[in-house]
Amino acid sequence: ALIQLEDSEANVTTVLRQITPASTPALARGFLEAVGNSRNAETGLGILRAWKNYTPAARRSATSQLLRRGEWSGSLLDAVEKGELLHSELGPQQWQQLRQSRNASLAKRAADMQNSGIRPTADREEVVKKFLPVAGKTGNPTRGKEVYAANCAVCHKFDGVGQNIGPDLSGIGARPKSEIVAEILDPNRSVEANYRLWNATTKDGETFAGRLDGETTTSIELLDLTGQRHPLQRSALTSLESSNQSIMPVGFESLGESDMSALLEYLSGSKHP
């Protein structure tokens with residue numbers, strides 16, 4: 001009703017500020033749908049400015065609203081282009097909707113951005129380039145199994161070994177080694193929505209970090225890198241923010257080329273003990 005009474009940037013901001021860690025998914029969706037009634041070209045920017053405070057459910061609602069209007073969709077693509085939002089924030093259906101826009105310029109831009117793929121993170125590009133030749137070498141899978149157990153199994157599961165904190169690596173061998181090494185060394189280039197790092201702070205001053213493993217009307221659950229689950233009541237939170245960072249750390253170039261080659265050979269599905 002506030003937006004319909006006066007469609008101003010100030011009122012849009014007022015409504016979006018009501019989305020807090022205590023907001024249920026349904027309430028957050030309701031606020032975003034209310035803002036979606038705006039006809040102001042700047043509203044898209046307002047939705048995007050509050051992005052880090054949205055849980056995955058709210059982000060789906062926000063994306064749906066941003067795709068309603070050409071100006072807002074343009075702002076969405078701007079944010080992806082600038083790296084403020086990850087390429088993977090948009091799923092195949094959202095990219096398709098953008099490509100089929102009646103605005104020819106917007107449709108072409110979306111197609112070009114999607115086809116350009118996911119670019120390396122600027123500060124990791126040189127590291128990836130240095131290690132790419134390793135993908136063309138044959139490593140020792142027996143040693144690779146040891147490297148996996150020591151460095152990867154704490155978060156990932158592969159060949160029945162490991163934890164379910166990060167993505168299951170079963171079937172990863174179907175992908176080129178060059179892609180695998182790039183994702184090991186630059187995990188932030190393409191972060192799946194379920195594996196982003198979230199930070200929660202409670203009214204008691206405690207801070208928790210991990211991936212958001214679930215949310216209900218009254219609570220959220222964070223899964224940290226040790227595999228410990230932290231169920232938190234929404235009413236106890238003062239902040240809940242996500243980053244564009246993966247829960248997977250950077251720095252695995254420290255393995256060296258020999259162990260990286262061995263790990264790639266093991267993950268590629270070569271015969272090994």
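How many disulfides does a search of the whole structure find? The search finds zero, a disulfide being a pair of cysteine sulfur atoms within 2.5 Å. The structure is a predicted model, in which local features need pLDDT of at least 70 and side-chain atom pairs count only at pLDDT 80 or more, while totals for chains, interfaces and linings use all residues. Residues are numbered from 1 along each chain as its sequence is written, and side-chain values use heavy atoms, with hydrogens and water left out.

The cysteines make a good starting point. The sulfur of Cys152 has its closest cysteine sulfur in Cys155, and because 9.1 Å lies between them, the two are too far apart for a bond. Cys155 is likewise in no disulfide. Cys152 has a relative accessible area of 14% and is therefore buried; here buried means under 20% relative accessible area, exposed means over 50%, and partly exposed is in between (1.4 Å probe, protein chains only). Cys155, at 15% relative accessibility, counts as buried too.

Turning to the overall picture, the protein chain contains 12 helices and seven strands. Helices (H or I, at least four residues) and strands (E, at least two) are DSSP runs, numbered from the N terminus. The C-alpha trace spans about 70 × 50 × 25 Å along its principal axes. Of the 273 residues in the protein chain, 44% are buried. Contacts, meaning heavy atoms within 4.5 Å, often bridge long stretches of sequence: among those between residues at least 6 apart, 64% join residues at least 24 apart.

One helix that is mostly covered is H5 (residues 56–66), where eight of the 11 residues are buried. Among them are Ala57, Ala58, Ala62 and Leu66, together with Arg59 and Gln65.

Helix H12 (residues 256–267) offers several details, beginning with Ser261, which lies within this helix. Ser261 has a relative accessibility of 7% and so counts as buried. Leaving aside residues up to four places away in sequence, Ser261 touches Val134, Lys137, Thr138 and Gly139. With Gly139 there is also a polar approach: a polar atom of the Ser261 side chain lies 3.4 Å from the backbone nitrogen of Gly139.

H12 also packs against helix H10, at an angle of about 95° and with the axes 7 Å apart. Axes are lines fitted to C-alpha atoms, for helices over the stretch in contact, and angles run from 0 to 180 degrees between N-to-C directions. H10 is therefore roughly perpendicular to H12, since angles of 65 to 115 degrees count as roughly perpendicular, those under 35 as roughly parallel, those over 145 as roughly antiparallel and the rest as oblique. On the H10 side the contact is made by Pro141, Arg143, Gly144, Lys145, Val147 and Tyr148, and on the H12 side by Asp259, Ala262, Leu263, Glu265, Tyr266 and Leu267.

Charged side chains come next. Side chains of opposite charge can pair when their charged atoms come close. The structure holds 19 salt bridges, each a side-chain nitrogen of Lys or Arg within 4 Å of a carboxyl oxygen of Asp or Glu. Two of them involve H12. Glu265 pairs with Lys177, the closest N and O atoms being 2.6 Å apart. This pair links distant parts of the chain, with Glu265 in H12 and Lys177 in helix H11 (residues 177–185), 88 residues apart. Both Glu265 and Lys177 are buried. Lys137 forms a salt bridge with Glu257, with 3.9 Å between the closest N and O atoms. Here again distant parts of the chain are linked, as Lys137 is in the loop between H9 and helix H10 (141–151) and Glu257 is in helix H12, 120 residues apart. Lys137 is partly exposed, with a relative accessible area of 43%, and Glu257, at 36% relative accessibility, counts as partly exposed.

A local example is the salt bridge of Lys129 with Glu125, whose closest N and O atoms are 3.9 Å apart. Because these residues stand four apart in helix H9 (residues 125–131), about one helical turn separates Lys129 from Glu125. Lys129 is partly exposed at 48% relative accessibility, as is Glu125 at 31%. Elsewhere, Arg211, Asp213, Glu221 and Arg229 are linked in a network of salt bridges.

A final backbone detail concerns Asp159, in the loop between strand E1 (157–158) and strand E2 (161–162). Phi of Asp159 is near 55°, a positive value in a residue other than glycine.

Note on methods:
A polar contact is a pair of N or O atoms within 3.5 Å; within protein, one must be able to donate a hydrogen and the other to accept it, and residues adjacent in sequence count only if both atoms are side-chain atoms.
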